[in-house]
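Student: I have a new model open and I'd like to learn how to read its packing. Can you take me through it?

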Number of protein chains: 2
Amino acid sequence: MALYGRVALIGLGLIAGSMALAMRRGGLAGHIAGTARTDATRTEALRLGLCDTVHATATEAVAGADLVVLAVPIGAMEGLAAEIAPHLAPGATVTDVGSVKGAVIDAVAPHLPQGVHFIPGHPIAGTEQSGPGAGFAELFDNRWCILTPPEGTDPAAATRLRTLWEGMGARVDEMDAAHHDLVLAVTSHAPHLIAYTMVGVADDLRRVTDSEVIKYSAAGFRDFTRIAASDPTMWRDVFLTNRAATLEILGRFTEELFALQRAIRTGDGEMLHAYFTRTRAIRRGIVEAGQDTDAPDFGRAKTRG
Amino acid sequence: MALYGRVALIGLGLIAGSMALAMRRGGLAGHIAGTARTDATRTEALRLGLCDTVHATATEAVAGADLVVLAVPIGAMEGLAAEIAPHLAPGATVTDVGSVKGAVIDAVAPHLPQGVHFIPGHPIAGTEQSGPGAGFAELFDNRWCILTPPEGTDPAAATRLRTLWEGMGARVDEMDAAHHDLVLAVTSHAPHLIAYTMVGVADDLRRVTDSEVIKYSAAGFRDFTRIAASDPTMWRDVFLTNRAATLEILGRFTEELFALQRAIRTGDGEMLHAYFTRTRAIRRGIVEAGQDTDAPDFGRAKTRG
């Protein structure tokens, strides 16, 4: 028997599309109902067979659902929560997949009725592509999903949601929302802003042509452009809603960058070498933790003849 | 008949090792002589069959060579040039593979005798790994190699070197050394310093554990760690020798980052969205230019069942 009888996916982008495929792969949902803001996305989701039923409104999609997944930009969460709240089934679980947790809790929790379980979540997985067609069933395999259940969450509801994520291939961690937002500011939000900035600088510089930047991007810049190609709306909302933690990390980053710039300016080779040696170790940790391979794909994929 | 009768590779790391394999693949060198600073590297290069002969000194390696490739860290170039200069064959071509061209020219050119052609070069290819074992024959395929022949360079010698790089799979561009150093500051040197810095900040932050950083690295940070895992000695020398251009780009970067931080602080969502939309276009240009695929490997490689 399926873990949830009816799952409602609100928003049908990369993450929700991948969840639909991963739930099907695992036989985790009896019925998948979906909705999206635009007609084009709804039609595309139907064509791809992501959902059993596609609905014109979130209200229709959540009717009778025992799991509701809010997979819309963070800026749209509050309006959505207010809209669906009167239509949620008693005992249903509401979760989300937003990249910021504190702001989502502030936006959603006040609207939800008694007897509905709200367990925010964030799968640490994605690609730089967006839309339902970008989804694939394996997206969450061996990736982490962080749940931030508020104090007093029903343990059975939390376990059931954790089981769903594990069934979709993910490893599940729990922490409080504020810590999540700090951790993600370091591992994701600050790096994204930095990548966006560097790509913007390259585009602005009049003495180096765009064509030169593009041709010689294999030299490091390529990885920045991949990050900076992510969905603009989602990322605008991330920065506006995880403002304090992101600005704190960027402040630390700037301070550190100034120290390294100073070492370059003064010719302090020892400081630079020691710094670069230390950062190498982190990469080894990531490879060992299985979050990447050590196959060299900076520059190009390695293909031995 | 081979393009060069005897090629001397001075330094046997990732680039020289890959050149040896690519030259063999293309039948471009009659004899490949190599040398490296440490006994371990020389032994490893012999074991891998990279060279026909491996020599204890650069002086021996360059004897009778019609092409000498300086593939050592930039800081070692001047001493090396002084050492080999008296032993270079008349009419030989000397080139290098350093990531900075102005500083290499300043270090090497004054030592070379009349009748030897000096044509600096820089293949825009690499991985975050180093050492002779990291080399592979396909490293340069469809990558760009920039040559910066000084004014008055013998056209036949330049054409011959260009033909070598094309035979190793590369596309060749020519520009002056100062412009090369600015272009690379944008596409490579500044991005590397930024990635090193962000990885350093993550490591320093006491409230987020290393284990958390590593587990959740798929969220963008992973690409930074790949860049920041590059060879510390090589990168120290790059920053010390391309100081002016790197500091100029970092100055522009900081200015731009402050503007984006300000937009976050003041809640200027329109500015952020417009900025992020613009940077997306550059990514598309890189994919179209064939320097990357649009397969999403941010997060994980896509595998459809």
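**Reading the packing**

Tutor: Start with the core, keeping in mind that this is a predicted model. The largest nonpolar core has 139 residues, and those touching the most other members are A:Ile10, A:Val68, A:Met198, B:Ile10, B:Val68 and B:Met198. The element that gives the most to this core is helix H7 of chain A (residues 177-204), with 15 residues.

Student: What is A:Ile10 in contact with, leaving aside its neighbours within four places in sequence?

Tutor: With those set aside, its contacts are A:Thr35, A:Ala58, A:Ala61, A:Val62, A:Val68, A:Val69, A:Leu70, A:Ala71, A:Val72 and A:Leu80.

Student: And A:Met23: buried or exposed?

Tutor: The idea is that buried means under 20% relative accessible area. A:Met23 has 1%, so it counts as buried. This residue lies in helix H1 of chain A, residues 14-26. Beyond four places in sequence, A:Met23 contacts A:Val7, A:Leu9, A:Leu28, A:Ala29, A:Ile32, A:Leu164 and A:Met168. For a sense of distance, A:Met23 and A:Val69 are 46 residues apart in sequence, with their C-alpha atoms 13 Å apart in space.

Student: Back to H7(A). How do I read its packing with H11(B), and at what angle do they pack?

Tutor: Look at the angle between the helix axes and at how far apart they are. H7(A) and H11(B), which covers residues 243-266 of chain B, pack at about 125°, and their axes are 9 Å apart. Angles over 115 but not over 145 degrees count as oblique, so H7(A) is oblique to H11(B). The crossing here is right-handed. On the H7(A) side, the contact is made by A:Leu193, A:Ile194, A:Thr197, A:Met198, A:Val201 and A:Asp204, while H11(B) brings B:Ile249, B:Arg252, B:Phe253, B:Glu256, B:Leu257, B:Leu260 and B:Ile264. Sorted by class, this contact of H7(A) with H11(B) has nine nonpolar, one polar and three charged residues.

Student: At what angle does H7(A) pack with H12(B)?

Tutor: Read this pair the same way. H7(A) and H12(B), residues 269-288 of chain B, pack at about 70°, with 9 Å between their axes. That makes H7(A) roughly perpendicular to H12(B). Their crossing is left-handed. In H7(A), A:Leu193, A:Tyr196, A:Thr197, A:Val199, A:Gly200, A:Val201, A:Asp203 and A:Asp204 meet B:Tyr275, B:Phe276, B:Arg278, B:Thr279 and B:Ile282 of H12(B). The contact of H7(A) with H12(B) divides into seven nonpolar, three polar and three charged residues.

Student: What does A:Thr197 touch, not counting residues up to four places away in sequence?

Tutor: Its partners are B:Phe253, B:Glu256, B:Leu257, B:Leu260 and B:Tyr275. A:Thr197 sits in helix H7 of chain A and is buried, at 0% relative accessible area.

Student: How many residues of H9(B) are buried?

Tutor: To judge a whole helix, count its buried residues. In H9(B), residues 221-228, eight of the eight are buried, so this helix is largely enclosed by the rest of the structure. The buried residues include B:Arg222, B:Asp223 and B:Arg226. Those buried residues pack against H7, H9 and H12 of chain A, together with H7 and H8 of chain B.

Student: One last backbone check: which sign of phi does A:Asn142 have?

Tutor: Here you look at phi alongside the residue type. A:Asn142 has a positive phi of about 65° although it is not a glycine. This residue is in the loop between strands S7 (121-123) and S8 (144-147) of chain A, and is partly exposed at 36%. In chain B, B:Asn142 also has a positive phi of about 65°.

Notes
Residues numbered from 1 in each chain as written. Chains lettered and ligands numbered in written order. Predicted model: local features only at pLDDT ≥ 70, side-chain atom pairs only at ≥ 80, totals over all residues. Heavy atoms only, no water. Core = buried A, V, L, I, M, F, W, Y, C linked by side-chain atoms within 4.5 Å. Buried < 20%, exposed > 50% of the residue type's maximum accessible area, 1.4 Å probe, protein only. Helix = DSSP H or I, 4+ residues; strand = E, 2+ residues; numbered from the N terminus. Contact = heavy atoms within 4.5 Å. Axes fitted to C-alpha atoms, helices over the stretch in contact; angles between N-to-C directions. Parallel < 35°, antiparallel > 145°, perpendicular 65-115°, else oblique. Left-handed = near helix turned anticlockwise from the far one by under 90°. Nonpolar A, V, L, I, M, F, W, Y, C, P; charged D, E, K, R; others polar.
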